[in-house]
Amino acid sequence: MGKAKILTIAGLGTGNPEFVSFAAVNSAKNSELVLLPRSNPEKIGVAEKIILAHVPDLKYHTITFPMILDISERNSLIKSQLENLRHELQVASEIFFAVIGDSSLYSTGKYLCEILRDLNLDFELRLIPGISAHSVAAACAGKFLAAGDEILAIIPGTAEVSKIARALENSDCVAIYKPTALGNIREIINPELWEISRIDYAGLPNEKIFHGEAALENISAYLSILLLSKKFGIGKCRD
């Protein structure tokens with residue numbers, strides 16, 4: 001039996017090259033086929049910039065992951081690009097794919113895996129962790145995410161409002177990704193109940209941090225994280 005094909009999906013953190021692990025860099029260097037994601041085929045991607053800062057002579061192919069809501073159309077566009085690389089995918093014993101943030105959380109790597117399996121490509125999956133956006137945001141804001149028996153929820157702002165409301169009700173601490181999608185945010189998040197921070201572009205040169213009600217105003221950056229902590233948490237007395 002021949003050696004199993006390995007697909008490595010590596011998380012590269014949120015944009016700061018200093019947050020990248022040795023494991024991710026070494027895997028990129030040693031893989032026969034390297035795939036890097038773009039949201040716009042004409043514009044270099046974040047993951048692309050990060051890995052090239054460590055391996056500037058890296059040879060790779062880009063795969064465009066269009067930011068569209070139609071899942072079927074998105075997958076069809078990705079699949080057609082992978083079809084064009086079918087020979088390379090079949091002969092490579094080690095394939096590397098990089099994502100921003102962590103490889104296992106809201107990762108485009110999951111879409112890649114599903115589509116490669118639809119193309120009948122057999123592989124063993126290897127995940128290399130990266131620093132998640134909420135961890136970087138908390139560090140930049142000087143905040144602890146959770147402690148003791150507090151419950152931490154990680155919520156995509158694209159979720160149904162009713163699901164978000166239930167998660168908020170049952171959690172002590174919350175990290176919200178893509179808060180730009182929340183709509184009327186003050187109907188969802190009550191500043192009287194929560195300590196609130198918003199970090200835009202965490203860990204990057206254009207990082208901005210907002211606290212309190214200011215964190216709920218003028219949310220426009222795609223790379224934003226909202227951090228919430230219930231005001232009656234550990235170490236605080238209820239009336």
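Is Asp200 buried or exposed? In this predicted model, Asp200 is buried, since its relative accessible area of 6% falls under the 20% limit. The residue sits in strand S8, which covers residues 194-200. Its side chain makes a polar contact of 3.0 Å with the side chain of Arg198, and the pair also qualifies as a salt bridge, with 3.0 Å from N to O. Arg198 is buried as well, like its partner Asp200. With residues up to four places away in sequence set aside, Asp200 touches Asn206, Glu207, Lys208, Phe210, Ala221, Leu223 and Ser224.

The pair formed by Arg198 and Asp200 belongs to a wider set of charged contacts. Side chains of opposite charge can pair when their charged atoms come close. The count of salt bridges in the model comes to six. Arg186, Glu213 and Glu217 are joined into one network by salt bridges that share partners. Another salt bridge links the side chains of Glu114 and Lys110, at 2.6 Å from N to O. Both of these residues lie in helix H5 (residues 108-118), four residues apart, or about one turn of the helix. An α-helix has 3.6 residues a turn, so residues three or four places apart point the same way. Glu114 is partly exposed, with a relative accessible area of 37%, whereas Lys110, at 53%, counts as exposed. A further salt bridge brings together the side chains of Arg86 and Glu83, at 3.2 Å from N to O. Here Arg86 has a relative accessibility of 29% and counts as partly exposed; Glu83, at 36%, is partly exposed too.

Turning to the strands, an open sheet of five strands is found, in the order S3-S2-S4-S1-S5 and with parallel pairing. Its edges are formed by strand S3 (61-64) and strand S5 (124-128), each of which pairs on one side only. From one strand to the next, the twist averages 25 degrees. Strands of a sheet pair through backbone hydrogen bonds, either parallel or antiparallel. At the S3 side of this sheet, strand S2 (residues 33-38) pairs with S3 in the parallel sense over four bridges. One residue to look at here is Leu36, whose bridge partner in S3 is Thr62. Helix H3 (residues 71-83) lies across S2 and S3 and runs at about 160 degrees to S3.

What, then, makes up the largest nonpolar core? This core has 21 residues, and those with the most contacts inside it are Leu7, Leu35, Leu82, Leu89, Ile95 and Leu116. At least two residues of the core are supplied by each of S1, S2, H3, strand S4 (94-99) and H5. Helix H5 contributes the largest share, four residues. In soluble globular proteins, nonpolar side chains tend to be buried together. Leu82 gives a good view of the surroundings: leaving aside neighbours within four places in sequence, Leu82 is in contact with Leu35, Ile63, Leu89, Leu112, Ile115, Leu116 and Leu119.

Elsewhere, the loop between strand S1 (6-11) and helix H1 (22-30) holds Thr14. This threonine is buried, because its relative accessible area of 13% is under 20%. A polar atom of the Thr14 side chain lies 3.4 Å from the backbone oxygen of Ala202. Beyond its neighbours within four places in sequence, Thr14 is in contact with Val46, Gly101, Ile131, Ser132, Ala133, Val136, Ala202 and Leu204.

Two of these contacts of Thr14, Ala133 and Val136, lead to helix H6 (residues 133-141), where both are buried. His134, Ala137, Ala138 and Ala141 are also buried in this helix. Against which strands do the buried residues of H6 pack? They pack against strand S6 (152-156), strand S7 (173-177), S8, strand S9 (208-211) and strand S10 (224-230). The list thus returns to S8, the strand in which Asp200 has its place. After H6 comes Gly142, which has a positive phi, near 65 degrees.

Terms used. Residues numbered from 1 in each chain as written. Predicted model: local features only at pLDDT ≥ 70, side-chain atom pairs only at ≥ 80, totals over all residues. Heavy atoms only, no water. Pairing = 2+ DSSP bridges. Axes fitted to C-alpha atoms, helices over the stretch in contact; angles between N-to-C directions. Contact = heavy atoms within 4.5 Å. Salt bridge = Lys/Arg side-chain N within 4 Å of Asp/Glu carboxyl O. Buried < 20%, exposed > 50% of the residue type's maximum accessible area, 1.4 Å probe, protein only. Polar contact = N/O pair within 3.5 Å; in protein donor to acceptor, adjacent residues only side chain to side chain. Core = buried A, V, L, I, M, F, W, Y, C linked by side-chain atoms within 4.5 Å.
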